[in-house]
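This report describes selected local features of one protein chain. It covers backbone geometry, salt bridges, one buried threonine and the largest pocket.

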Amino acid sequence: MTGSSGHETHEVFNQPPPLTGHNAFESDRCLVAAVAREGADWARGDLARLGALAGAAEIREQARLAHAFPPVLRTHDAVGNRIDEVEFHPAWHGLMALGMKAGVHSLAWTEGRPGAHVARAALAFVMNQAENGVCCPLAMTFAAVPALRRQPELADIWVPRITGRDYDGRPVPAEAKPACTMGMAMTEKQGGSDVRANTTTAAPAGKAAGPGAEYLLTGHKWFCSAPMSDAFLTLARAPGGLSCFLVPRFRPDGTRNPFLIQRLKDKLGNRSNASAEIEYRDTWGQMVGEEGRGVATILEMVQHTRLDAALSAAAIMRQAVGLAIHHCDHRSAFQRRLIDQPLMRAVLADLVLDSTAA
């Protein structure tokens, strides 16, 4: 084909157009049926709105940019002050705002009616098909609520913050934000999944000790999920045993809490999202739940993150099937569209069965 420049050497044909303009919820008959069957049909309007956005070209471009420009660690500011901030492309912040406005992180806790958890799970399923990296901090924030409720006075402060829908990505104290996010820092190099081998210590910061009291934490964490969050649930060894603590990024006086990000993980997947190795150095926190019962307390959060891990995997499978069918519907080989070739139809049918089962 000859264009205005005269330098084109070939015409691009027999290639599928981008898969955009579809509704990621309404086009999924299995998901629509499951939502109705499990008592969340009242949320169909919200799900359809998010589904339309998840399939929109603008959101697909934001997802591309979030992966093309992954997070960058800024340990110090221009004059040498330690800041330990993670810098994201504006597209990431736009996707976070989309997910929080839809209630992916909160609807299960704010809707007091049957099917609320089903509706939120469906929102997460759809959001993962928009961009699954932001679904990590959204999942962590969602999952923190049951653990925080182990300490009612802290829950009264933090649950309203982390169920807000007006995303604010600024690194400022939580009380200055309309909504906050929550991360988790649990594993250490020497223990991995064996968190009872943790060596991080927690010493009382004052005369009071026990649930709700203030502590100073010192140690390291080999894996911190969503290090850009406003606060974290973490494990440390108090005098009475391994306990759970709430660690905010800012102390009550508004100064930065020592939360030293050593490096971001170089990951194979989920690259738009940051995961980090961190250190505590007399880092201020408050005990959540009973002293010595930290594993049981933080497992309230872990259990809910497992739900979202399963949702994410199933959603990625669903997106892959959609892309495969779209490709085969628009590409031809051996005088037929691929979708009409019996062997290809059999392969696609197998993929659909696996996705539907998931």
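Phe-334 is placed in the loop between strand 10 (332-333) and strand 11 (336-337). The model is a predicted one, and in it the phi of Phe-334 is near 60°, a positive value in a residue other than glycine. Phe-334 has a relative accessible area of 72% and is therefore exposed, the cut-off for that class being over 50%.

A positive phi, of about 50°, also occurs at Asp-84, which is not a glycine either. Asp-84 belongs to strand 2 (residues 82-87). With 3% relative accessibility, Asp-84 counts as buried, whereas Phe-334 is exposed.

**Salt bridges**

The structure holds 21 salt bridges. Three of them are set out below.

| Pair | Closest N to O distance |
|---|---|
| Asp-308 and Arg-120 | 2.5 Å |
| Lys-221 and Glu-188 | 2.9 Å |
| Arg-281 and Glu-279 | 3.1 Å |

In the salt bridge of Asp-308 with Arg-120, the closest N and O atoms are 2.5 Å apart. This pair links distant parts of the chain: Asp-308 lies in helix 9 (residues 294-330) and Arg-120 in helix 6 (residues 116-130), 188 residues apart. Asp-308 is buried, with a relative accessible area of 5%. Arg-120 is buried as well, its relative accessible area being 0%.

The side chains of Lys-221 and Glu-188 meet in a salt bridge at 2.9 Å, N to O. Here too the pair links distant parts of the chain, with Lys-221 in strand 5 (residues 214-225) and Glu-188 in the loop between strand 3 (182-185) and strand 4 (201-204), 33 residues apart. Both Lys-221 and Glu-188 are buried.

For the salt bridge between Arg-281 and Glu-279, the closest N and O atoms are 3.1 Å apart. Arg-281 is partly exposed, with a relative accessible area of 48%. Glu-279 is also partly exposed, at a relative accessible area of 24%. In addition, a network of salt bridges links Arg-263, Lys-265 and Glu-277.

**Surroundings of Thr-141**

Helix 7 (residues 135-148) contains Thr-141. Its relative accessibility is 1%, so Thr-141 counts as buried, a class that requires a value under 20%. The side chain of Thr-141 reaches the backbone oxygen of Pro-137 at 2.7 Å. When residues up to four places away in sequence are not counted, Thr-141 touches His-105, Ile-162, Cys-180, Thr-181 and Met-182.

**The largest pocket**

The largest pocket holds about 810 Å³ of space. It is lined by 33 residues, of which Asp-28, Leu-31, Phe-125, Gln-129 and Arg-318 are the closest to its centre. At least two residues of this lining come from each of helix 1 (29-37), helix 6, helix 9 and helix 10 (342-357). Helix 9 supplies the largest share, ten residues. By class, the lining of the largest pocket comprises 20 nonpolar, eight polar and five charged residues.

Helix 6 and helix 9 thus appear twice in this account: each supplies at least two residues of the pocket lining, and the salt bridge partners Arg-120 and Asp-308 are located in helix 6 and helix 9, respectively.

Note on methods
Residues are numbered from 1 along each chain as its sequence is written. This is a predicted model: local features need pLDDT of at least 70, side-chain atom pairs count only at pLDDT 80 or more; totals for chains, interfaces and linings use all residues. Side-chain values use heavy atoms; hydrogens and water are left out. A salt bridge is a side-chain nitrogen of Lys or Arg within 4 Å of a carboxyl oxygen of Asp or Glu. Helices (H or I, at least four residues) and strands (E, at least two) are DSSP runs, numbered from the N terminus. Buried means under 20% relative accessible area, exposed over 50%, partly exposed in between (1.4 Å probe, protein chains only). A polar contact is a pair of N or O atoms within 3.5 Å; within protein, one must be able to donate a hydrogen and the other to accept it, and residues adjacent in sequence count only if both atoms are side-chain atoms. Contact means heavy atoms within 4.5 Å. On a 1 Å grid over the protein atoms alone, a cavity is a set of points where a 1.4 Å probe fits but cannot get out, and a pocket is an open set with protein on both sides within 12 Å along at least five of seven lines; lining residues have an atom within 4 Å of a point. Grid points are joined across faces, edges and corners, and a volume is the space filled by probe spheres set on the points. Ala, Val, Leu, Ile, Met, Phe, Trp, Tyr, Cys and Pro count as nonpolar, Asp, Glu, Lys and Arg as charged, and the others, Gly among them, as polar.
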